Amino acid sequence: DLVTEEGRALVIAINKWDVVEEKQKVLKGLHTKIAEGLAQVPGVAIVPISAASENGLDKLMRAIVKASEIWNRRVATPQLNRWLEEALARHAPPAPSGRRLKIRYMTQPSTRPPTFVAFCSRSDALPKSYQRYLVNSLRAAFDLPGVPIRLNLRSGDNPFASKGRRG
């Protein structure tokens, strides 16, 4: 949990693999436990190794390089906004108090971890469940397994806020 809070990419190496007897069964159990325990970063690479016999170290290094590439991945703004349009069409944002929330556009200002900013109306009213939908959809669309994704919401200035009400 601390690793994801810090925004780091994650690869899990399981050592002493040479002494495990039911390898497939144990590996399946580990995948299940890790998927439950690290639900915020699905797709974490799990690499069984044996340090004593040096088995699996080459797979571990490949997994580390891949995690680093994903952690440094940048998505172009036009591509991101095409995805956003499709994601909004699949599942529209909620309408708290009868007023539809609008997400205007997105951009990726930084990597390490991949960080996205969505510009929307009333960002404080966008439910966490909808934010999770957007993050999970980003992860699937741009192949971002095993790394934390930051989604920041920004509200644009209301052009009518300073004009006062007419009545």
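What follows is a walk through the fold, cores, aromatic pairs and salt bridges of a predicted model.

Start with the overall layout. The protein chain holds 5 helices and 5 strands, and read from the N terminus these run α-β-α-β-α-α-β-β-α-β. As for dimensions, the radius of gyration comes out at 21 Å, whereas a compact globule of 167 residues would sit near 15 Å. The box that the C-alpha atoms fill along the principal axes is roughly 80 × 30 × 25 Å. Of the 167 residues in the protein chain, 36% are buried. The surface exposed by the protein chain amounts to about 10800 Å², with carbon and sulfur atoms supplying 52% of that area. On the contact side, if one takes the contacts with a separation of 6 or more, 66% of them join residues 24 or more positions apart.

Next, the inside. In soluble globular proteins, nonpolar side chains tend to be buried together. Here the largest nonpolar core has 26 residues, and the members touching the most other members are Trp 83, Ile 103, Met 106 and Phe 116. Two or more residues of this core come from each of helix 3 (57-71), helix 4 (77-90), strand 3 (103-110), strand 4 (115-120), helix 5 (128-141) and strand 5 (150-155). Phe 116 is a handy place to look at the packing: leaving aside residues up to four places away in sequence, the residues it touches include Val 75, Leu 80, Met 106, Leu 138, Leu 144, Ile 149 and Leu 151. Polar or charged names turn up in the Phe 116 list too, among them Thr 107, Gln 108, Arg 150 and Asn 152. There is also a second core, separate from that one, with 10 residues; Ile 12, Trp 17, Leu 38 and Val 41 are among them.

Then the rings. A pair of aromatic rings is described by the distance of the centres and the angle of the planes. The count for this model is 3 aromatic pairs. Tyr 105 and Phe 119 make a stacked pair, because their ring centres are 4.6 Å apart and the planes meet at 15 degrees, under the 30 degrees that stacking requires. This pair links distant parts of the chain, given that Tyr 105 sits in strand 3 and Phe 119 in strand 4, 14 residues apart. Both ends are partly exposed: Tyr 105 has a relative accessible area of 39%, and Phe 119 has 23%. Another pair, Tyr 130 with Tyr 133, is tilted, at 5.3 Å centre to centre and 45 degrees between the planes. These two tyrosines are 3 residues apart in helix 5, so about one helical turn separates them. Tyr 130 and Tyr 133 are both buried.

Last come the charges, where the tally is 2 salt bridges. One joins the side chains of Lys 25 and Glu 22, at 3.7 Å from N to O. Lys 25 counts as exposed because its relative accessibility, 61%, is over the 50% mark, while Glu 22, at 47%, counts as partly exposed. The other salt bridge brings together the side chains of Arg 62 and Asp 58, with an N to O distance of 3.8 Å. Arg 62 and Asp 58 lie 4 residues apart in helix 3, so the separation is about one helical turn. Asp 58 is partly exposed, with 46% relative accessibility.

Note on methods:
Residues are numbered from 1 along each chain as its sequence is written. This is a predicted model: local features need pLDDT of at least 70, side-chain atom pairs count only at pLDDT 80 or more; totals for chains, interfaces and linings use all residues. Side-chain values use heavy atoms; hydrogens and water are left out. A nonpolar core is a set of buried Ala, Val, Leu, Ile, Met, Phe, Trp, Tyr and Cys residues joined through side-chain atoms within 4.5 Å. Buried means under 20% relative accessible area, exposed over 50%, partly exposed in between (1.4 Å probe, protein chains only). Contact means heavy atoms within 4.5 Å. Rings of Phe, Tyr and Trp (its six-membered ring) pair if their centres lie within 6.5 Å; planes under 30 degrees apart count as stacked, over 60 as edge-to-face and the rest as tilted. The radius of gyration is taken over C-alpha atoms; the globule rule is 2.2 Å times the number of residues to the power 0.38. Accessible areas come from the Shrake-Rupley method with a 1.4 Å probe; for residues, only the protein chains shown count as cover. A salt bridge is a side-chain nitrogen of Lys or Arg within 4 Å of a carboxyl oxygen of Asp or Glu.
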